[in-house]
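Here's a quick walk through a ligand site and one helix. Have a look at the sequence and structure first, then read on.

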Amino acid sequence: MGLSFYIISHFLTGAIALFLGWSVFKKHPKRLVNRIFALSALSIAIWSVSYSVWLMAGDPTSALFWARALNLGATLIPVFYLHWILVLLNKNKNKLIVFYYLLTAIFVLFSYSDYYISHTIPVLIFPYWPQMGWLYLVFIFSCWISIIVYCLVILTKELQRAEGNYRKQIKYVLIGSIIGFAGGSMNFPLMLGIDILPPIGSPLIVVYTIIFSYSMVKHRLMDIRFVMRQGSVLAASLLTIISSILLIKYLFFKFTAAQVEWVDYVFLICGILVYPYINKYYYRVANKYFFTSLYDARKVIASLSDKLSSTLLASDIYQYITDEIISALHVKSAGIFIFNKSLRRYELKHYKGNEKNKIKDFIKDKGFYTNYLKTNNPIEVEEVKKTVYVKYRKTVDILAANNVKILIPLRLKNKTIGVIALGEKESKDDYNDQDIAMLGVIGAQSAIAVNNALSYEEIKNFSKKLEHEVDVATEDLIRANSKLRQLDQAKSEFVSIASHQLRTPLTVIKGYISMIMEGSYGKISELQRESLDKVYQSNERLIHLVENLLNISRIESGRLQLNKEVIGLELMVEDVVDELMIRAKDKGLELIYKKPKNKLPGVNIDREKIRQVILNLVDNAIKYTEKGRVEVGVEQKGNYIQCSIKDTGIGIIKADFLDLFDKFSRGTGIELVHTEGIGLGLYVARRMIILHKGKIWAKNKSKGKGSEFYFTIPIFK
Ligand code: ADP
């Protein structure tokens, strides 16, 4: 075994140790166990790198310098290792560790003295092998041996009681420790001048670091696998290239004895050229041996279910599914196909992966999916290939050509709502039973989530459609409404014009009849008077009606103006009662005006309009009362003057109360009893009272017991 072997293996050990230490530290810089591990790795790196440099030394002085440096590293190894093991196993041994640190400090202090490493001599193939002083011997016994023995004992004890993953971690640490320390210890006999055995174990330290790395990756020792994934591939690629170059260079010079400078450049270019291939190779190896079987199916499923329950958006759900599968299985590509009900075929909705291996929109073969996707389990394309009917072979060939390895039907209530298609794994491995089982669960889980998302999408689209329809309908309504308004306006104008045209002749008629009845045109007989009286009454009713119509058209066209003045309401009421007295008497009714005891405060009103209100109410009372009496009263109620009109007439039934004050509303069946009247009196009254900031209402009395109407108007202040 030549020197180069030692040089390369120690250099490798150093690089791996540095990388490991750095990764572990990077992962959790604040965790003690990670920090101490980093220091422990650093001590190994100092030792092994100095070891390589020492071997390359050309003269005794520099050889002694590097031999001391490597032994300085060796001095630090046991104490950091001990500290790390104690923290790892959670053992609180502060005094012990402080003792060893102090002891180590002494050795470090003397590491460049003759007591520690005195000189170098040629031993076996080594031209400058260091010889130890008495202090180094003390170090071997007091530190090296005692720490190894102690740690092996506590590790073995821990192994016996440890369980599960932790047990595996301990096992690897124990094996690594034995190999590493056994290897390292092989350097000592030569240092004591015992040259029976070359230190062939020394390079075994690299095995020890690799075992640690494996344990870290495989059994999540200190959980750094993700930090290591990229880094380890990079480091391994670089190390392979560098060590191969060193080896080739060594052999080149050994056999040619040439001293050509351009050789270095050739090596450099070659190194750069081969790097991508080596990197790819290690990536595949890493995926195959370190990472593929790393996922914990339960965790993957739990994490996916967590994510799936966090959203209702189909696009997010597709993304989560492919991401989770890709990160667990290191699949090159994954696509999700969803069944389109209207097109009656599956459509590619989401795709992730390498463009080159793009899963094409392949499921056009209806027969294939109705026959083969009718299962709750993932389908392996390779398996189907063996059994597929001839007519579906083409589809399977397309799948295979596109590197589709697995189809996971998304089944719900016996319907396949979609399919997840997976390409090959990065490692090019087949999908194993564990993968298939997990994918089955993922399929079932995803089917529910996808279905929910699709329903949600459907509802969203439906509500959008609905919104649109409502908008259209609203527009129609607005148009219809404006048309109605126009019509209403036209009607109001018509009524207004017609009423105006009617009012003048009616007033003229009234005047002439009055004059005739008063005898202005000669005496009239009793028979004539009776007839004229009827004409007069009918004319009065017409005037009343026209007045109401006019008021309505004014109110609705917004032309109604109030000419307010402050007057006593009781005078006005008395006036109206007087006016209607003859009508009441003619009907044989008693019309009583209950005069207030004191003079009431004035109200600010439009005389004509309020007169119309009182007239409408008292007129109704007379109209709808066959016998008995009508009682009209005015009184003060707080800040209001209240007028009441009570009769002993037909009363109002409950059902009529609802729209009593509405336009054209008449009591149920009233048109049979009282043909005259069009249901405007109460409407006009209410509008007038509202304009005067008052209230109007009727009391609910049962039919036949008469009715009571009230209105109030605020007192003028
Ligand atoms: P009209 O009297 O022209 O029908 P109104 O608006 O004055 O219209 O009255 C609406 C309806 O209210 C009447 O048709 C009638 O059924 C009912 N009504 C009004 N006043 C009384 C009352 N004093 N007694 C019984 N019913 C009444």
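What follows covers the ligand's surroundings and then helix H12, all taken from a predicted model.

## Who sits around the ligand

The ligand has 21 residues around it, and the ones that come nearest are Asn-620, Tyr-624, Arg-666, Leu-682 and Ser-707. Sorted by class, that shell holds ten nonpolar, eight polar and three charged residues.

Two helices to find on screen are H19 (607-623) and H22 (681-691), since each gives the shell at least two residues. H19 supplies the largest share, with three residues.

## Polar contacts and burial

Three polar pairs are worth pulling up. On the side-chain front, Lys-623 has a polar atom 3.0 Å from an oxygen atom of the ligand, while Asp-647 places a polar side-chain atom 2.9 Å from a ligand nitrogen. Leu-682 joins in through its backbone instead: an N or O atom there lies 2.8 Å from an oxygen atom of the ligand.

How much of the ligand does the protein bury? On its own the ligand would expose 520 Å², and the protein buries 97% of that.

## Helix H12, one side in

H12 runs over residues 314-329, which makes 16 residues. From first C-alpha to last it reaches 23 Å, close to the expected 22 Å.

Which H12 residues are buried? The set is Ala-314, Ile-317, Tyr-318, Ile-321, Thr-322, Glu-324, Ile-325, Ala-328 and Leu-329. These residues lie on the same side of H12, because they cover an arc of only 160° around the axis. The general rule behind such patterns is that an α-helix has 3.6 residues a turn, so residues three or four places apart point the same way.

Notes: Residues are numbered from 1 along each chain as its sequence is written. This is a predicted model: local features need pLDDT of at least 70, side-chain atom pairs count only at pLDDT 80 or more; totals for chains, interfaces and linings use all residues. Side-chain values use heavy atoms; hydrogens and water are left out. A residue is near a molecule or strand if one of its heavy atoms lies within 4 Å of it. A polar contact is a pair of N or O atoms within 3.5 Å; within protein, one must be able to donate a hydrogen and the other to accept it, and residues adjacent in sequence count only if both atoms are side-chain atoms. Accessible areas come from the Shrake-Rupley method with a 1.4 Å probe; for residues, only the protein chains shown count as cover. Helices (H or I, at least four residues) and strands (E, at least two) are DSSP runs, numbered from the N terminus. Ala, Val, Leu, Ile, Met, Phe, Trp, Tyr, Cys and Pro count as nonpolar, Asp, Glu, Lys and Arg as charged, and the others, Gly among them, as polar. The expected span of a helix is 1.5 Å times one less than its number of residues. Buried means under 20% relative accessible area, exposed over 50%, partly exposed in between (1.4 Å probe, protein chains only). The arc is that of the directions from the helix axis to the C-beta atoms.
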